[in-house]
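Visitor: I have the sequence and the model open on my bench computer, and I would like to understand the words people use for it. Could you walk me through them?

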Amino acid sequence: MSGANERIGESQVEAPVAAGKQAGASQDAIARLMHRRGEESKWWWVVPALYIVFLMLPIYWLINMSFKTNTEIVSTLTLYPHEPTLRNYRIIFTDAAWYSGYINSITYVLINTVISIAVALPAAYAFSRYRFLGDKHLFFWLLTNRMAPPAVFALPFFQLYSAFGLIDTHIAVALAHCLFNVPLAVWILEGFMSGVPKEIDETAYIDGYSFPRFFVKIFMPMIASGIGVAAFFCFMFSWVELLIARTLTTTDAKPIAAVMTRTVSASGMDWGLLAAAGVLTLIPGALVIWFVRNYIAKGFALGRV
Amino acid sequence: MERTWNNKAWFLVLPVLVLVAFSAVIPLMTVVNYSVQDTFGNNQFFWAGTEWFEELLASDRFWQAMGRNMAFSFIILAIEVPLGIFIALNMPKKGWGVPVCLVLMALPLLIPWNVVGTIWQVFGRNDIGLLGYTVNALGFDYNYVQDPFDAWVTVIVMDVWHWTSLVVLLCYAGLVSIPDAFYQAAKIDGASRWSVFRYIQLPKMQRVLLIAVLLRFMDSFMIYTEPFVVTGGGPGNSTTFLSIDLVKMALGQFDLGPAAAMSLVYFLIILLLSWVFYTVMTNYDAER
């Protein structure tokens, strides 16, 4: 006990002394440091720029390929298309088997995002505001579903959805993707909700708001960025998943990622077409990130700040 | 935050429970069911007890795939987490750079996984890929189709390319949420760059970092599509991860019993490791 007191005493005495000693010598260094952190120096862009170049190179290569003819792709290595062609894109936009793949993917991803957020909102509220029987276990159990490898579930899912006659429907894929998106949405939303002071709820109840009205009118606008971020993650993980989506569909709800395997034919690989299809899968994701960029830029710590 | 004891909160959790029970518990029961039975076709099943589990735990193939998975998860976590934090620390906090960085960096995250595989499969090829061609032109003998080491490098670089941005985005969001007052206080105390990071930025990033680390661990341990597209598990078995083996067994050969037993063991291991991560990181939170 006395030891602890001594230590506290020491550090209290020492800190100002040390700070004073350093102040003269390293004041400039600290100022420079602060400048770098706050205002950004001339070279702030180097690290992000290098990273972005690393990220963009493979994507550029894909875009580059999508505008080439197959002869050019396989014969020589060219840094840009020498004979640019739109043939690959034309095929995708005119063949229903191709473009319906995009529509299918977007349909089930949107259904999944809506379902995931809708059920996760009340659950996240319960976890952030109340203690109840088995809450901690339940929370971890939910997370465990995020940990289930899709490879494990592919076959049982197929049998389950066959039993309900849901194979090859958008809703089947949307429900199956809830397996990993709902736990994640609950987790993220819970973090955002914990950052909202509880007094807000109490004040609203005193003012005569009912729970649903309070939740929709007051609480949801306060965690709007949380909903945005959670929706972004749901969209992302559903959009990129292939194994389950492919297992549960045959033709009517087949995702674009599965349609892409069509490019392998007897005459060899249609690289250009494959690249064009790949480029088009980037667009929905890019749009979604464009909509949520402000929520991320605003920052969130997921919890009490 | 002080939370009140109220068992009615169960009603709020009920929808999630019903949904997840439908999409997780029922399929899991099917898996358990298969794991203890044998079949000779015609939908006739026989009780097999723990036979599949014993066979699995005794097989080298399983432990090798497990070892590969462990090594892979460890390597990519060791690269992506520090790198992600480093990039997040160096990102602009305001101005036109913010949306540009966010949108471009998030792009790889939103590419369907088999497209990611395709991109790297092409990019790494010696004949038509920029990376493979350049590396070979520089005098390195690089061929991911034949050399196991090159295949590993390709798969790891691909994963770093694909997922570091997740760590960056989450850490960046955590960093931006730190009020300026914290930095000003640190400035007055004459804190070094390192102590600002260690005592202000890292603790504030902790929750988002927990999500990032857990997500990266789980997803890297479950990785299937990307290495499957790039290397198909080869050369030899050098990049055959557990899920590749599992899909081969369950959907390829229809060995339902062994596949189900493997699923369960696989799942339990992820569960155990994630639980360790989760408890360690949240206990640390509680102590502070």
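Visitor: What percentage of the 288 residues of chain B count as buried?

Guide: In chain B, 56% of the 288 residues count as buried. Buried means under 20% relative accessible area, exposed means over 50%, and partly exposed is in between, with a 1.4 Å probe and protein chains only. Before we go on, this is a predicted model, in which local features need pLDDT of at least 70, side-chain atom pairs count only at pLDDT 80 or more, and totals for chains, interfaces and linings use all residues. Residues are numbered from 1 along each chain as its sequence is written, chains are lettered from A and ligands numbered from 1 in the order in which they are written, and side-chain values use heavy atoms, with hydrogens and water left out.

Visitor: Why is Asn114(B) called buried?

Guide: Its relative accessibility is 6%, and the limit for buried is under 20%, so Asn114(B) counts as buried. Asn114(B) sits in helix H5 of chain B, residues 113-123; helices here are DSSP runs of H or I with at least four residues, strands are runs of E with at least two, and both are numbered from the N terminus. Leaving aside residues up to four places away in sequence, Asn114(B) touches Leu242(A), Ala257(A), Thr225(B) and Val229(B), where contact means heavy atoms within 4.5 Å.

Visitor: What makes helix H4 of chain B largely enclosed?

Guide: Seven of its ten residues, within 97-106, are buried, so H4(B) is largely enclosed by the rest of the structure. Among the buried ones are Gly97(B), Leu102(B) and Met105(B). Cys101(B) is another, and at 5% relative accessibility it counts as buried. The buried residues of H4(B) pack against helices H2 (46-66) and H14 (271-298) of chain A, and against helices H3 (60-89) and H7 (148-176) of chain B.

Visitor: Why is Leu50(A) called exposed?

Guide: Leu50(A) has 59% relative accessibility, and exposed means over 50%, so the word fits Leu50(A). You will find Leu50(A) in helix H2 of chain A. Together with Trp43(A), Trp45(A) and Val46(A), Leu50(A) makes a nonpolar surface patch of about 450 Å².

Visitor: What makes those residues a patch?

Guide: Patches are made of residues with over 30% relative accessible area and no salt bridge; nonpolar side chains (Val, Leu, Ile, Met, Phe, Trp, Tyr) are joined within 5 Å, and like charges within 9 Å. The area comes from the Shrake-Rupley method with a 1.4 Å probe, and for residues only the protein chains shown count as cover.

Visitor: How do you know that Arg87(A) and Asp270(A) form a salt bridge?

Guide: Their closest N and O atoms are 3.0 Å apart. A salt bridge is a side-chain nitrogen of Lys or Arg within 4 Å of a carboxyl oxygen of Asp or Glu, so the pair of Arg87(A) and Asp270(A) qualifies. The two are 183 residues apart, with Arg87(A) in helix H4 (residues 87-94) of chain A and Asp270(A) in the loop between strand S3 (268-269) and H14 of chain A. Arg87(A) is partly exposed at 32% relative accessibility, whereas Asp270(A) is buried at 14%.

Visitor: Which two chains does the pair of Glu190(A) and Arg207(B) join, and why is it called a salt bridge?

Guide: The N to O distance is 3.3 Å, and the limit is within 4 Å, so Glu190(A) and Arg207(B) meet the rule. Glu190(A) lies in helix H8 of chain A and Arg207(B) in helix H9 (residues 193-221) of chain B, so the pair joins chain A and chain B. Glu190(A) counts as buried at 12% relative accessibility, and Arg207(B) as partly exposed at 24%.

Visitor: How many salt bridges does a search of the whole structure find?

Guide: Nine, over all chains.

Visitor: How many disulfides are there over all chains?

Guide: The count is zero, where a disulfide is a pair of cysteine sulfur atoms within 2.5 Å.

Visitor: What makes the phi of Asp168(A) worth a look?

Guide: Asp168(A) has a positive phi of about 70° although it is not a glycine. Most residues other than glycine have a negative phi. Asp168(A) lies in the loop between helices H7 (150-163) and H8 (170-194) of chain A, and at 12% relative accessible area it is buried.
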